[in-house]
Amino acid sequence: MILFRNIGELAGIAPEGLLRRQGAEMADAGILHDAWLAVEDGRIVDYGTGQAPEADEVIDARGGMILPTFCDSHTHLVYAGCRDGEFLDKINGLSYEQIAARGGGILNSSDLLNATSEDELLAQSIERVREVLAMGTGALEIKSGYGLNPEGEMKMLRVIRRIRESVPASVRATFLGAHAVGRGYTQGEYVQAVIDMMPQAAELADYVDVFCDEGFFTPAETERILKAGARHGLRGKIHANELAVSGGVQAGVRHNALSVDHLERTTDAEIEALRGRETMPVMLPGTSFFLGIPYGRAKDYIKAGIGLALASDYNPGSSPSGDMRFVMALACIHMRLTPAEALNAVTMNGAYAMGVSDITGSITRGKRADFILTQPGWTLTKLPYLHHTPYIRSVYLEGKAI
Ligand code: NIG
Ligand code: FE
């Protein structure tokens, strides 16, 4: 057994069996002061204050903080090359939609990806995985969606599978064939092609996603794709309401999607649709920051009693960062989440939104020992406040320092 003692703040504690925190529960960051934490065989076995149990190995936290590793439930970090040229276009005044309409954007990444071998794609992507693990991410969802043809999409899903097999983090794969209409297809042909890819995709992916938004896919197309996914055991995770109020939230809820993501544009109808449901809204403040679009109405969701997750959306076009501490900071500064609400949103609720909250995402007896040990003097409030000061002493996944 390994004992971590002298922990100034042990945060993210949750009782066994709790899979998400909703509404007012999100104010509870599960904190113990002057605590200890015991780990055995890669699992959390116990925690507490006062007298600690005997252990084979003792690690002195020196008054630092321990918190669960981040669960980033929405990324596109498998991609080839980058889109720095479009960054210049953006600085010079073009919007995300204008860049996409010129054949740039997702189609630009698709061209790059289809010209890149599977091994090279893995090599480029694994660098980003290592980058986010070092920043404290312990669970990671990754989407396809830059292949936009059967070959390219399956290549991406195989790369995600190889990442999953080679890193100690919990990795989940989402088939996002319907990210944009692939080159050479009409809209209708491509929707059918995505449906035809489903049996093969289901062998490699855990979830299915659709970019249900203005200029991409309609709610009716989304529902067809969700039904095809369900026939092959894939639950939905929808991109909705990034560019316009799209109807994607309601489409996702009707099909009991695991999550509906983005929601930068929301009316009260979306909040009503999500109340009391199993579907988790996921907001992506890094995208609002980078594109200069509104931040989601996070507080209104919480006030309505709904649980909320935050993710990075790490991708080359709308959020070129997988830094979840920065996501927390943006949520506190621009969405007025408290640090406790933000912590729940990037850990336990993120885990829920990618279907891993039974194994990780909180300090819970029996869960994987996935946590960040900070330098001395850090507290939950300081994480988003001193938002770029280095704070990590070690990241532990399944009880081992990575
Ligand atoms: O989540 N909105 C759609 N997809 C990504 C952007 C992908 C890209 O531009 O490469 C997003 O923002
Ligand atoms: Fe996305």
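**Exercise 1. Identify which residues gather in a patch of negative charge on the surface, and place E40.**

Step 1. In this predicted model, local features need pLDDT of at least 70, side-chain atom pairs count only at pLDDT 80 or more, and totals for chains, interfaces and linings use all residues. Residues are numbered from 1 along each chain as its sequence is written, chains are lettered from A and ligands numbered from 1 in the order in which they are written, and side-chain values use heavy atoms, with hydrogens and water left out.

Step 2. The negative patch is formed by E40, D41, D56 and E57. Patch residues have over 30% relative accessible area and no salt bridge, with like charges joined within 9 Å and nonpolar side chains within 5 Å. A salt bridge is a side-chain nitrogen of Lys or Arg within 4 Å of a carboxyl oxygen of Asp or Glu.

Step 3. E40 belongs to strand β2 (residues 32-40). Strands are DSSP runs of E with at least two residues, and helices are runs of H or I with at least four, numbered from the N terminus.

Step 4. E40 counts as partly exposed because its relative accessibility is 37%. Buried means under 20% relative accessible area, exposed over 50%, and partly exposed in between, with a 1.4 Å probe and protein chains only.

**Exercise 2. Find the residues of the nonpolar surface patch and place F87.**

Step 1. F87, L88 and I91 make a nonpolar surface patch of about 300 Å².

Step 2. F87 sits in helix α1.

Step 3. With a relative accessible area of 39%, F87 is partly exposed.

**Exercise 3. List the protein donors of the iron ion (ligand 2) and give their spacing in sequence.**

Step 1. The donors are H74 (NE2), H76 (NE2), H239 (NE2) and D313 (OD), at 2.0 to 2.3 Å from the iron ion. Donors are N, O and S atoms within 2.8 Å of the metal (3.2 Å for Na, K and Ca); water is not among the atoms, so sites may look incomplete.

Step 2. The spacing of the donor residues reads H-x1-H-x162-H-x73-D.

Step 3. H76 and D313 link distant parts of the chain, 237 residues apart. H76 is in the loop between β6 (70-72) and α1 (84-91), and D313 in the loop between β13 (309-310) and α12 (324-334).

Step 4. Both H76 and D313 are buried.

**Exercise 4. Are H262 and E398, each with a positive phi, buried or exposed?**

Step 1. Most residues other than glycine have a negative phi.

Step 2. H262, in strand β11 (residues 259-262), has a positive phi of about 95°. H262 is buried, at 2% relative accessible area.

Step 3. E398 has a positive phi of about 45° and lies in the loop between β15 (392-397) and β16 (400-401). E398 is partly exposed, at 32%.

How values were computed. Areas by Shrake-Rupley, 256 points an atom, 1.4 Å probe, with all protein chains shown as cover. Lys, Arg positive; Asp, Glu negative; His and termini not counted. Charge placed at Lys NZ, Arg CZ, Asp CG, Glu CD.
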